[in-house]
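Trainee: I am new to this structure and would like a close look at a single part of it. Could you take one helix and follow its surroundings outward, step by step?

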Amino acid sequence: MTVRGGCRSAFSCFVKEQLPELERCGLPVARMADAVPYCSQAWESLTEEEKTVYAEKARRWNSRKRSQKTRKQTCNVPDPVPAPLTTKIPSVTPLPDASALSWKNDQDMVADIFYFLDIYSYGKLPPHCEQRFLPCEIGCVRYSLQDGIVADFHHFIDPEVPPRGFRYHCQAAGDETHRIPISGFPLPRSCYAVVLRELLEFAQPARGAQPRFFCRSNDRFRINWCLGRMASITGIESHWELFAVEDLIMKLYQKKYQKEPSKIWVHRKLDVCLWDFSSNTRCKWHEETDITCCALASCKKMGYCISKSFASVYGVPLTAAHLPLQDSDCDQSTKARIVKLDAGYIQEMTAGSSGCDKPLGPPRQDQEFVLSNRGSPCGVKTSPCGTSVVQGRGVTRLLRSAAGLSQVFQ
């Protein structure tokens, strides 16, 4: 089941992995070629990310075979036993879906503990690179709807050396988001072993249970890969469940209203920039450098979104642990005019229309962002780590005094 020249393909690696299971089922698969008809449909059902793992296995196998052939030709001696690899491709931990989330009653749901997790990296490298991501910052918060954010975890990670030829790509990707330099960073960084060990201690569940983390659905592959990479390099045995926070929000909504909200609507709930400049949200370094893209802030804003959307629905009083004080006390009926300080234009938008100032209710057409005809929101960042990093320490104060802005700028 190898192609001409002794090279192995991604599909052949997949078939080889399935052979033991097929034999246990009693199928006649004496050779890999016999297993192809039974594996073709399963291969087509894999996602691109899952196929990438097998492509990487095939690349490493072919590279090792070429190295052995070269040594044999130059030294004319029998092939030595290959040394064990120093690193392994991170195993793809199955990603559970929302069906695994359930509670007996509202009280159990309100008291349940959730861990919101995010890991930032220096961009995304091509599939042929062993290092698909270079993690550089990690944030995690312990949250319950009853108590809000009760603890947080944050580290800057000592990154691996970028692959040859990709250093500029990695740093440019970082400059567009978190702006953490690859070298010359003024704060101490932690190695993989320290980060993973302390993260597992922070999220230690009940005996016999696996840690349950929640992250944005678009970030699941990156975060799962980074956790697997740290585990494979350090040799720390670890198992975890990584859910999409969007599924959690849909479950909370469905439990109360007995129907599902729109997925697009849920994404927009999480994409709001209301708390980008709130106090005690970003880590100290990102706060001092006035950069909104922060792994810790990303985790806290998931908790803020759920608190603002569901606290009143489930009868939970809001506290400073649920929302930043200035946000929980602000006037909800104020018509805000958001100003982008480094440009010369202004956009008016009603606070209620952003979908972030009211508890979750049935989606309506008027609960949408109004986009500028310039091709991007004027002064509003719809992604936590968009290509344009909004800055300006006075934005929060402007939002809170928005009632007077309409007279200033007219």
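**Helix H9 and its surroundings**

Mentor: In helix H9, the buried residues are Trp 265, Val 266, Lys 269, Leu 270 and Asp 271. Please keep in mind throughout that this is a predicted model. The cover over these buried residues of H9 includes helices H8 and H11, and both of those helices will return below. At the N-terminal end, H9 is capped by Ser 262, which has a side-chain oxygen 3.3 Å from the backbone nitrogen of Ile 264.

From here we can turn to the core. The largest nonpolar core has 54 residues, and those that touch the most other members are Phe 116, Leu 145, Leu 248, Ile 306 and Tyr 314. At least two residues of this core come from each of H4 (106–111), E1 (114–121), E2 (135–144), E3 (148–156), H8 (245–257), H9 (263–271) and H11, while the greatest contribution is that of H11, with nine residues. As a general background, nonpolar side chains in soluble globular proteins tend to be buried together.

Leu 248 offers a good view into this core, for when its neighbours within four places in sequence are left aside, Leu 248 is in contact with Leu 101, Trp 103, Phe 114, Phe 116, Phe 214 and Ile 306. Several of these names come back in another grouping, since Trp 103, Phe 114, Phe 116, Tyr 143, Phe 214 and Phe 243 form one aromatic cluster. There is also a second, separate core of 26 residues, and among its members are Leu 117, Phe 133, Met 230 and Leu 242.

Leu 242 leads us on to the strands, where it is the bridge partner, in E5, of Phe 213. The two strands concerned, E4 (residues 212–215) and E5 (residues 241–244), pair in the parallel sense over four bridges. Between them the chain passes from E4 through helix H7 (residues 220–234) to E5, in a β-α-β crossover that is right-handed.

Going back to H11, which spans residues 295–310, we find Ser 309 within this helix. Ser 309 has a relative accessible area of 4%, and is therefore buried. Its side chain reaches the backbone oxygen of Cys 305 at a distance of 2.8 Å.

Lastly, E3, another of the elements that supply the largest core, takes part in an aromatic pair. Phe 156 and Trp 285 are paired edge-to-face, with 6.2 Å from centre to centre and 85 degrees between the planes. Because Phe 156 lies in strand E3 and Trp 285 in helix H10 (residues 284–288), this pair ties together parts that are 129 residues apart in sequence. Both partners lie below the 20% limit for a buried residue: Phe 156 has a relative accessible area of 8%, and Trp 285 stands at 13%.

To draw the picture together, H9 has buried residues whose cover includes H8 and H11, and H9 is one of the elements that each give at least two residues to the largest core.

How values were computed:
Residues numbered from 1 in each chain as written. Predicted model: local features only at pLDDT ≥ 70, side-chain atom pairs only at ≥ 80, totals over all residues. Heavy atoms only, no water. Pairing = 2+ DSSP bridges. Right-handed = clockwise from strand over helix to strand, strands pointing away. Buried < 20%, exposed > 50% of the residue type's maximum accessible area, 1.4 Å probe, protein only. Polar contact = N/O pair within 3.5 Å; in protein donor to acceptor, adjacent residues only side chain to side chain. Core = buried A, V, L, I, M, F, W, Y, C linked by side-chain atoms within 4.5 Å. Contact = heavy atoms within 4.5 Å. Phe/Tyr/Trp six-rings, centres within 6.5 Å; stacked < 30°, edge-to-face > 60°.
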